[in-house]
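Grab a coffee and let's work through some charged pairs together. Each exercise below comes with its solution, taken one step at a time.

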Amino acid sequence: MPELVTIGETMVVFDSTSAGPLRYASSYTCHTGGAETTVAVGVVRQGHSAGWISSLGEDEFGMLIRRTFMGEGVDLSRVAADPSRPTGIFFREAVGNGEYRNFYYRKNSAASAISPEQLDEEYIASAKWLHLTGITMAISESALETVLRAAEIARAHGVKVCFDPNLRLKMWTIEDARRAMERIWPLVDVALPGAEEGEQLFGTADPDAIAEELSSRGVGCSIVKIGADGAIGYENGEKVVSPGFKVKHVVDAFGAGDSFAAGIISARLKGWELAEQLRYANAIGAMAVSAPGNIEAVPTHAQVMKYLAGKAAVTR
């Protein structure tokens with residue numbers, strides 16, 4: 001059984017190959033995109049095991065996703081095939097400096113129909129970590145209930161829960177996001193909000209205040225991401241400020257936060273202290289933005305350690 005289990009939707013992504021509105025785009029590159037599978041791949045590349053719970057359509061895009069993540073060593077034994085619903089897709093419009101504008105086509109997708117009945121309690125209970133995100137909570141009411149039920153199962157069996165708000169306000173309102181997240185915070189062991197997300201959820205971008213808000217809701221460890229400046233961790237009365245790594249040229253910011261999450265979970269699986277966790281995750285995040293794509297840019301453990309030792313430049 002995998003050390004990490006995660007739940008969510010992964011889609012096929014089409015990136016326009018030139019900057020500007022999609023109406024003028026004539027060619028695209030195709031790959032996969034999903035916060036949870038990026039975390040799963042990141043954990044595998046750091047030397048651990050990961051499994052993914054989801055649903056895919058019985059279509060060409062579903063087969064592409066299965067082939068991709070089986071090849072990456074992620075356990076797909078709990079990924080269902082839905083013959084009546086399609087695999088989700090989205091398009092990315094290049095706007096420069098590694099940033100894109102997203103256009104989702106995921107309504108009524110196979111993953112949106114995921115339900116608590118699909119969860120295998122033994123599978124979750126056998127893991128060490130469960131990673132969840134606000135994206136899955138936003139795709140449908142049944143997906144929201146699935147996330148909450150998974151967190152309850154994890155808590156009942158002593159499995160640690162990591163939660164990244166991953167706010168996508170194209171998918172739901174901030175009011176709905178706040179209400180949903182108020183339900184999950186008491187079940188979370190490690191929260192990974194960004195400072196901007198803290199402002200949207202709690203009315204403050206101050207990391208100390210965000211950590212206080214989360215602590216008051218029962219979260220044991222809060223790690224607040226502050227972009228290129230790194231991250232600040234709060235746990236057991238300790239506050240650790242970990243500067244980010246300078247990246248000369250951001251190629252693609254897609255999946256950087258998920259790569260960071262993979263770094264935190266992997267470092268905790270290794271039993272490292274908070275300061276080491278943050279430094280490791282910051283390095284992975286910096287390396288991940290230096291190449292195009294999503295999982296394509298996530299480094300291996302050996303590459304991260306060389307980078308931290310100053311023996312390798314960010315060339316990926």
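**Exercise 1: a pair at a helix end**

Arg-45 and Glu-72 join their side chains in a salt bridge, with N and O 2.9 Å apart. Keep in mind that we're working on a predicted model.

Task: Which parts of the chain does the pair of Arg-45 and Glu-72 link?

- Step 1. Place Arg-45: this residue sits in helix H1 (residues 35-45).
- Step 2. Place Glu-72: it's in the loop between helix H2 (60-71) and strand E5 (75-82).
- Step 3. Put them together: the pair links distant parts of the chain, 27 residues apart.
- Step 4. Check the surroundings: Glu-72 has a relative accessible area of 24%, so it is partly exposed.

**Exercise 2: a longer reach**

Task: Is Glu-3, a salt-bridge partner of Lys-128, buried or exposed?

- Step 1. Look at the contact: the closest N and O atoms of Glu-3 and Lys-128 are 3.9 Å apart, and the cut-off for a salt bridge is within 4 Å.
- Step 2. Glu-3 is in the segment before strand E1 (4-7) and Lys-128 in the loop between helix H3 (121-125) and strand E8 (129-133), so this bridge ties together parts 125 residues apart in sequence.
- Step 3. Glu-3 has 19% relative accessibility, so it counts as buried.

**Exercise 3: within one helix**

Task: Where do Asp-176 and Arg-179 lie?

- Step 1. Their side chains meet in a salt bridge, N to O 2.3 Å.
- Step 2. Both are in helix H6 (residues 174-184), 3 residues apart, or about one turn of the helix.
- Step 3. Asp-176 is partly exposed at 33%, while Arg-179 is exposed at 52%.

Definitions and conventions: Residues numbered from 1 in each chain as written. Predicted model: local features only at pLDDT ≥ 70, side-chain atom pairs only at ≥ 80, totals over all residues. Heavy atoms only, no water. Helix = DSSP H or I, 4+ residues; strand = E, 2+ residues; numbered from the N terminus. Buried < 20%, exposed > 50% of the residue type's maximum accessible area, 1.4 Å probe, protein only.
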